[in-house]
Amino acid sequence: MTKVFRILTINPGSTSTKIAVFDNEKSILETTLRHSAQEINKYERIYDQYEFRKQVILDTLNDNGINITKINAVVGRGGLLKPIEGGTYKVSEKMLSDLEVGVLGEHASNLGGILANEIAKQLDIPSFIVDPVVVDEMDDIARISGMPEIERKSIFHALNQKAVARCAASELGKKYEGGNFIVAHMGGGVSVGAHRKGKVVDVNNALDGEGPFSPERSGGLPVGDLAKLCFSGKYTIDEIKKRIKGKGGLVAYLGTNDGREVGKMIEEGDKKAELIYKAMAYQIAKEIGSCAAVLKGEVDAVVLTGGIAYDKTFVKWIKDRVAFIGEVIVYPGEEEMIALAQGALRVLRGEEEAKEYI
Ligand SMILES: Nc1ncnc2c1ncn2[C@@H]1O[C@H](COP(=O)(O)OP(=O)(O)O)[C@@H](O)[C@H]1O
Ligand SMILES: CCCC(=O)OP(=O)(O)O
């Protein structure tokens, strides 16, 4: 008889906490708790959200009758560690300290490994992270920014981008490693990646002022004007950072990080909301176009994913501008929870060895 492993997966995002429980690949619980900008922005540091997110997870498991003592492993979404290759990593002391400090910055996913470890340690079971947001497969040419002191970085929705690109490849009867894909993940942050033969060779840093603006981030800005704002004396460095990430994008223009709310505002005739939301779609389409150039026009499919891909009008705005590049495939939401579980299962079944973060 096949052994059944029960896996708890934890995915803290900038606008949500997603929790799922799997018996092998079979989902027995999958739930998304959305957090408003007000709820999230009251915490100064990501680590300050630890107790709040932990309680949300434990309450959800309890409310759904999940007995945590029956769980065999806990997997968290990996955060802003040092750049590493993709795969499943054991949570280690070094990883925990890097996540707590935020060696590459602050993001909700830093809590993934910390929360997984906390729950696993009480039960004396293993904890892992899979394909963290710092997976780095960029071509050297893509690292050049235009200012020698500043190197472009690979920080993006690696877990979901790779999972949905594999789904698209299989839908087209191809291997992921044999095709070229452009994936736009549209969540609290937005990342658009050029996948060439199984590697993400270029992608915008979704966290820190590159690429399209997003529900809670400014995306790339005119640098001269940003420099003036920084030295205007009106803002502290922390305030500027918050305007780039957390209080940027839709939050700054419309006061919400929720795509559904913006949709409602537009339905009610709000012209400003319509302009801003269309501008976000426009910027995402433009970024997809630049990835098409990276791939020299050899694109098997453009894949749209993330929470905002549920919005059919928004998807149409993008499709209208990028359909000339190739087939557009839409996977609303994400495949992150099953990808996390599968990463742990490969290790628990002895198919793969967990990597060490050093
Ligand atoms: N049905 C929907 N229509 C429009 N936007 C949606 C819908 N469902 C979720 N969203 C939006 O998607 C974004 C969150 O996407 P998600 O991929 O869950 O991101 P994160 O992991 O950052 O929390 C939020 O702006 C949320 O309001
Ligand atoms: C840190 C890059 C990934 C990202 O932006 O995730 P969210 O959309 O969950 O904030």
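Me: What makes the lining of the largest cavity a mix of classes in this predicted model?

Reply: Happy to explain! The lining of the largest cavity has 5 nonpolar, 2 polar and 3 charged residues. Leu 99, Leu 111 and Ile 114 are among the lining residues, and Leu and Ile count as nonpolar. Arg 45, Glu 100 and Glu 106 also line this cavity; Arg and Glu count as charged.

Me: Why is this space called a cavity?

Reply: The word applies because a 1.4 Å probe fits there but cannot get out. The structure holds 1 cavity of 30 Å³ or more, and about 40 Å³ of space lies in the largest cavity. Helix 3 (93-101) and helix 4 (110-123) each give two or more residues to its lining, with helix 4 giving the most, 3 residues.

Me: How do you know that Thr 15 makes a polar contact with ligand 1?

Reply: A polar side-chain atom of Thr 15 lies 2.6 Å from an oxygen atom of ligand 1. The cut-off for a pair of N or O atoms is 3.5 Å, so this counts as a polar contact. Ser 16 also has a polar side-chain atom 2.6 Å from a ligand 1 oxygen, while for an N or O atom in the side chain of Arg 34 the distance is 3.0 Å.

Me: How much of ligand 1 does the protein bury?

Reply: Taken alone, ligand 1 exposes 580 Å², and the protein buries 91% of that. The shell around ligand 1 has 3 nonpolar, 11 polar and 5 charged residues. Domain 1 (6-137 + 336-356) and domain 2 (172-333) each provide at least three residues of this shell.

Notes
Residues are numbered from 1 along each chain as its sequence is written. Chains are lettered from A and ligands numbered from 1 in the order in which they are written. This is a predicted model: local features need pLDDT of at least 70, side-chain atom pairs count only at pLDDT 80 or more; totals for chains, interfaces and linings use all residues. Side-chain values use heavy atoms; hydrogens and water are left out. On a 1 Å grid over the protein atoms alone, a cavity is a set of points where a 1.4 Å probe fits but cannot get out, and a pocket is an open set with protein on both sides within 12 Å along at least five of seven lines; lining residues have an atom within 4 Å of a point. Grid points are joined across faces, edges and corners, and a volume is the space filled by probe spheres set on the points. Helices (H or I, at least four residues) and strands (E, at least two) are DSSP runs, numbered from the N terminus. A polar contact is a pair of N or O atoms within 3.5 Å; within protein, one must be able to donate a hydrogen and the other to accept it, and residues adjacent in sequence count only if both atoms are side-chain atoms. Accessible areas come from the Shrake-Rupley method with a 1.4 Å probe; for residues, only the protein chains shown count as cover. Domain bounds come from an automatic or database domain assignment.
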